[in-house]
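Please open the model in the viewer and keep the sequence panel visible. The tour proceeds by selection, with a short account of what is found at each stop.

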Amino acid sequence: MKTKTIFAAALLAATMLSGAASAKTFVYCSEGSPEGFDPGLYTAGTTFDAAAHTVYNRLLEFKPGTTETEPGLAESWEVSDDGLEYTFKIRSGVKFQTTDFFTPTRELNADDIIFSFERQLKEDNPWHQYVAGAAWEYFSGMGFPDLIKSIEKVDDMTVKFVLNQPEAPFLANLAMPFASIMSKEYADKLEADGNMNQLNQQPLGTGPFAFVAYQPDAVIRYKANPDYWGGAQKIDDLVFAITPDASVRYQKLKAGECHLMPFPNAADIESMKADPNLKVMEQEGLNIAYLAYNTTQEPFDDPKVRKALNMAINKEAIVEAVFQGFATPAKNPIPPTMWSYNDAVEDDSYDPEAAKKMLEEAGVTDLSMKVWAMPVSRPYMLNARRAAELIQSDFAKIGVNVEIVTYEWAEYLERSSAKDRDGAVLLGWTGDNGDPDNFLHTLLGCDAVGGNNRAQWCNEEFNKLVTDAKRTTDQAERTRLYEEAQVVFKREAPWATIDHSLSVVPMRKEVEGFVQSPLGDFAFDGVDLVE
């Protein structure tokens, strides 16, 4: 590990020195290592920043700084009157990146679109299990295997998706990272060479930056894509300096060793704002932090037990200790800035005595449990270890003994999604597309059990409400259904809802062109360094 760190530091220093002499090099102090470089396989924002928002594009993209979609690799599309057919006209002249490991011989066409989705859709596709245990969590958890009837090649530059039923957020979903478009030509070469795993290690797409190299847990290097269909970049090289400790990220930012960092410690924000060499962006986060019980295991299969535990958690104290005013306690599984938020829902009161009595009435005594704490900072939870310690203290007051456990980030995400996972897991979510479906169905629907549904909670009443809401385009009706679903959620309590946070992004004053995303993305297309 020490040798790896020294090598990475030398590589980063060399990159920055050469950049200072001849080219513009932008250094992002990222918070963790990617799980891999195939966005379809994973769910973490860390991975999406390192792959989906650098190397790849999608049929539709989100307009920078918004949750509105705009044309991406599809220049236009038509939707049938019954909402079952979506026909996309593919943008012409789009080139795949040329790298040291692959030189494409053709431009983007319909084959690439079909390959990118059918590998996730069809179990008999040779790429469906190219990574052992691939679950395609987004694709599966959002119900796409049941939604998509077929994907048809109309001609070389036109693709038609045929659905089994209407899906209101379908276009927005296609702008999400899991829908990134791969090169079928590159995949075919890897398959022929018997080296399919390379797709997840050396990504190649149509995006603004081409992958160069990855030193695990240390540094990722990219170069600007000179053939990018969206136009030339203002920087020449992009470096992700992987720095899990928020205090170290801040020190690097102050020293000029990186230009931008995510997820600062709340205690550092005011000093960042006062530093003349820095500037700080902030906005309401489209997020939620939660503690998910495994509702398939005793005693967490009893809603009364879950309610009792929720009443024992002092959320105000967690928000103050972890965020120092940069978050608010959460009562619903969607943020208050999202349409259909049900403000009429009453939160569980903080009442340890009532919680203790409720546990006794449920026949639960001498309970010992695990609380999982994330090893990385996320926008919705800057310090999961501290939050877990406070929950541990709260639960001790009602006679519940807590062991705090954690794992390396990729392992944490994998283990926490297992159906037989023990205890309760601290995790959270930043919205992917601005639609309530992306929280309520993606995180809590029956399709997501064993994946994004960390509570392993499949409630028929709730699931019908959120499924019905996906299948109508009537916004008022969707709102009514989602409001009712939030009532069911609160009654059944598969989670303890913890907080909604502000999103705060500090950067060097010379950074220009960075647009803060309500979706929590860190994308560097169009960024510049101006002295």
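**Helix 8 and its surroundings**

Begin with the elements that cover the buried residues of helix 8: they include helix 9 (269-274), strand 11 (278-284) and strand 17 (495-508). The model is a predicted one.

Next, select helix 8 itself, residues 246-255; its buried residues are Ala246, Arg249, Tyr250, Lys252 and Leu253. Turn the view to look down the axis of helix 8: the buried residues line one face, because they fall within an arc of 160°.

Then inspect the two ends. At the N-terminal end, aspartate 245 acts as a cap on helix 8, with a side-chain oxygen 2.7 Å from the backbone nitrogen of serine 247. After helix 8 comes glycine 256, which has a positive phi, near 80°.

**Aspartate 275**

Move to the loop between helix 9 and strand 11, and select aspartate 275 there. Aspartate 275 is buried but forms no salt bridge; arginine 508, the nearest side chain of opposite charge, is 5.9 Å away. A polar atom of the aspartate 275 side chain does lie 2.8 Å from the backbone nitrogen of asparagine 277.

**Leucine 382**

Finally, select leucine 382, in the loop between strand 14 (368-372) and helix 13 (384-396). Is leucine 382 buried or exposed? Leucine 382 counts as buried, because its relative accessibility is 12%, under the 20% cut-off.

Display its contacts beyond the neighbours within four places in sequence: Phe263, Pro264, Ala266, Val322, Phe323 and Ser377. Add asparagine 265, whose C-alpha atom is 6.6 Å from that of leucine 382, although the two are 117 residues apart along the chain.

Terms used
Residues are numbered from 1 along each chain as its sequence is written. This is a predicted model: local features need pLDDT of at least 70, side-chain atom pairs count only at pLDDT 80 or more; totals for chains, interfaces and linings use all residues. Side-chain values use heavy atoms; hydrogens and water are left out. Buried means under 20% relative accessible area, exposed over 50%, partly exposed in between (1.4 Å probe, protein chains only). Helices (H or I, at least four residues) and strands (E, at least two) are DSSP runs, numbered from the N terminus. The arc is that of the directions from the helix axis to the C-beta atoms. Contact means heavy atoms within 4.5 Å. A polar contact is a pair of N or O atoms within 3.5 Å; within protein, one must be able to donate a hydrogen and the other to accept it, and residues adjacent in sequence count only if both atoms are side-chain atoms. Lys and Arg count as positive and Asp and Glu as negative; His and the chain ends are not counted. A salt bridge is a side-chain nitrogen of Lys or Arg within 4 Å of a carboxyl oxygen of Asp or Glu.
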